Amino acid sequence: MARRTRPGVVVSRFGINVSTVPRSSAASRNSSGPPWRSHPGTEVLYSSLERRSPVAAVSSRRGGFSLAWRSPGDEILADQIFEREKRFANYQGIIYILLIELETFIGIELSLVADRTETAGNSAVSAMPLCLVAALELHLKEEFATITKDEGNQGGSVAMALLKDGSFKVRAITRNPRKKAVQELKRLGAEIVKADLDNEKSLLEALKDVYGVFLVTDYWEYMDKDREVQQGKRVADISSQFKVKHIVFSGLENVKKLTDGKLDVPHFDGKGEIEEYFREIGAPMTSVRMPDYFENFLHVFKPVKSGKEYYVLDVPMEGVPMDGMSVKDLGGVVLAILKSPEKYIGKEIGLSTDKLTVEEYAAIMSRHTGKSIQDSKVSIKEYEERNFPGAQELAKMFRFYMKQPHRNKDLTLMLNPKAQCFEEWMSKNKNAFVND
């Protein structure tokens with residue numbers, strides 16, 4: 001570490017070690033610039049903002065620096081600098097913020113450290129009469145890819161949350177770029193890339209140079225577990241090849257393994273096998289395990305009219321509470337996970353924002369729709385004997401739900417405090433709920 005000539009501060013909240021290096025002498029400020037200007041990546045940045053208004057405070061977050069200026073009239077933003085000099089955004093060396101005093105230059109050396117608190121001297125960065133010259137952060141606005149076949153559901157929720165937050169660039173990978181939901185993501189700033197989970201070549205192109213991946217696989221399109229597993233493994237291998245830093249996978253339990261073969265739920269088991277493969281190859285993966293979608297009550301589990309007087313909710317839980325969550329709230333959860341990779345890589349996170357019996361779900365529906373909706377009290381055995389595609393598969397899922405798989409409501413709400421309980425979700429969706 002260079003000799004200190006001015007006070008420095010370690011800002012532990014952001015994991016950044018701040019210390020001063022010697023100010024340059026007047027003689028050093030010649031045509032070649034001050035000594036620190038020779039550090040990689042600073043030459044172009046140096047000229048961006050020379051002698052601007054003093055900075056009142058400097059703080060760091062993933063994806064950029066937040067600045068509070070002493071002079072309200074100075075509206076120069078760090079993001080504008082970063083955008084102009086974005087070719088340095090992925091610079092892999094030491095990170096520098098370069099600050100300039102009225103007459104002399106001071107270099108502030110930054111290195112990533114964890115969980116340290118230290119103050120050198122009596123003054124903080126906010127007390128220094130300094131002006132911003134430039135800022136450079138490792139992996140600024142890193143590229144994040146969402147691979148999904150359900151742009152309006154899980155993948156769409158995650159892409160929208162990331163776009164609104166602005167910490168990541170979003171690359172939406174889809175088979176159908178012309179879909180309305182995909183075009184809306186494009187309008188909001190996402191890069192749209194056409195690729196297919198069954199086509200390795202397209203995925204190799206789509207996953208180049210990304211920091212992270214959100215992956216959704218779909219059993220229901222082909223009702224083929226082995227095909228789904230191969231799709232997941234293909235993405236896992238390519239992500240490993242490209243050294244992707246964080247994969248968030250929409251996973252589920254391997255029920256067959258958990259029950260020693262007594263119960264198999266193919267659309268769960270395949271995702272469980274993909275989770276296991278990510279772990280086998282040492283990929284930096286977080287699995288988010290969704291419960292039943294509230295949105296399913298608008299479609300596959302929509303209340304059915306029974307005579308003239310009432311509707312029935314045909315969900316065979318036999319009085320056992322069932323976890324649920326709006327798929328639209330998944331995006332906020334994934335965003336929080338991505339911003340704290342050190343906490344969540346290697347974890348399986350069971351999600352839920354409510355846990356109610358079918359009778360309780362029906363009562364809330366009734367209250368908000370003005371319709372009489374009742375639990376049909378259908379048994380799982382009766383349900384699996386019904387003659388519609390997927391009836392047996394869904395019955396197996398409900399058998400597993402009755403075993404109460406781990407879902408963590410408190411953690412879900414910590415990750416996304418705005419996530420809705422069923423009552424709140426119903427109040428917003430009642431008009432789309434029951435149609436005669």
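Q: Buried means under 20% relative accessible area, exposed over 50% and partly exposed in between, as found with a 1.4 Å probe on protein chains only. How many residues of strand β14 (residues 285-289) are buried?
A: This is a predicted model, in which local features need pLDDT of at least 70, side-chain atom pairs count only at pLDDT 80 or more, and totals for chains, interfaces and linings use all residues. Residues are numbered from 1 along each chain as its sequence is written, and side-chain values use heavy atoms, with hydrogens and water left out. Helices (H or I, at least four residues) and strands (E, at least two) are DSSP runs, numbered from the N terminus. Strand β14 is largely enclosed by the rest of the structure, because the number of its residues that are buried is 5 of the 5.

Q: Which residues of β14 point the other way from Met 285, Ser 287 and Arg 289?
A: The residues of β14 point in two directions, and all are buried. Met 285, Ser 287 and Arg 289 take one way, and the other way is taken by Thr 286 and Val 288.

Q: Which residue of β14 is the bridge partner of Gly 251 and also stands opposite Gly 350?
A: Two strands pair if DSSP finds at least two bridges between them. Strand β13 (residues 246-251) is joined to β14 by 5 bridges and runs parallel, while β14 and strand β19 (residues 348-350) pair in the parallel sense over 3 bridges. In β14, the partner of Gly 251 is Arg 289, and the residue that stands opposite Gly 350 in β19 is likewise Arg 289.

Q: What distance does helix α8 (residues 266-280) reach from its first C-alpha to its last?
A: The expected span of a helix is 1.5 Å times one less than its number of residues. For α8, with its 15 residues, the expected value is 21 Å, and the helix reaches close to this, namely 21 Å.

Q: How many of the 15 residues of α8 are buried?
A: The buried residues include Pro 266, His 267, Phe 268, Ile 274, Tyr 277 and Phe 278, and Asp 269, Lys 271, Glu 275 and Glu 276 are also among them. The helix is mostly covered, with a buried count of 12.

Q: Which are the edge strands of the open sheet that contains β18?
A: The sheet has 3 strands in the order β15-β18-β20, with mixed pairing. The strands that pair on one side only are β15 (292-293) and β20 (354-356).

Q: Which residue of β20 stands opposite Met 322?
A: Strand β18 (residues 322-325) runs antiparallel to β20 and is joined to it by 3 bridges. Opposite Met 322, the residue in β20 is Leu 356.

Q: How many charged residues are in the lining of the second largest cavity?
A: A cavity is a set of points, on a 1 Å grid over the protein atoms alone, where a 1.4 Å probe fits but cannot get out, and lining residues have an atom within 4 Å of a point. The second largest cavity holds about 70 Å³ of space, a volume being the space filled by probe spheres set on points joined across faces, edges and corners, and its lining residues are Pro 291, Asp 292, Pro 321, Met 322, Asp 323, Tyr 401, Gln 404, Pro 405 and Arg 407. Ala, Val, Leu, Ile, Met, Phe, Trp, Tyr, Cys and Pro count as nonpolar, Asp, Glu, Lys and Arg as charged, and the others, Gly among them, as polar. By class the lining has 5 nonpolar residues and 1 polar residue, and the charged ones number 3.

Q: Which element gives the largest share of the largest nonpolar core?
A: A nonpolar core is a set of buried Ala, Val, Leu, Ile, Met, Phe, Trp, Tyr and Cys residues joined through side-chain atoms within 4.5 Å. Of its 35 residues, Phe 297, Leu 313, Val 315, Tyr 361, Met 365, Phe 398 and Phe 422 touch the most other members. Two or more residues come from each of β17 (310-313), α11 (358-369), α12 (380-384), α13 (391-401) and α15 (422-429). The largest share, 6 residues, is given by α13.

Q: How far apart in space are Lys 377 and Val 315, C-alpha to C-alpha?
A: Lys 377 lies in the loop between β21 (373-375) and α12, and it counts as exposed because its relative accessible area is 60%. In sequence, Lys 377 and Val 315 are 62 residues apart, whereas in space their C-alpha atoms are separated by 7.6 Å.

Q: Is Asp 209 buried or exposed?
A: Asp 209 lies in the loop between α5 (200-206) and β12 (212-215), and has a positive phi of about 60 degrees although it is not a glycine. With 71% relative accessibility, Asp 209 counts as exposed.

Notes. On a 1 Å grid over the protein atoms alone, a cavity is a set of points where a 1.4 Å probe fits but cannot get out, and a pocket is an open set with protein on both sides within 12 Å along at least five of seven lines; lining residues have an atom within 4 Å of a point.
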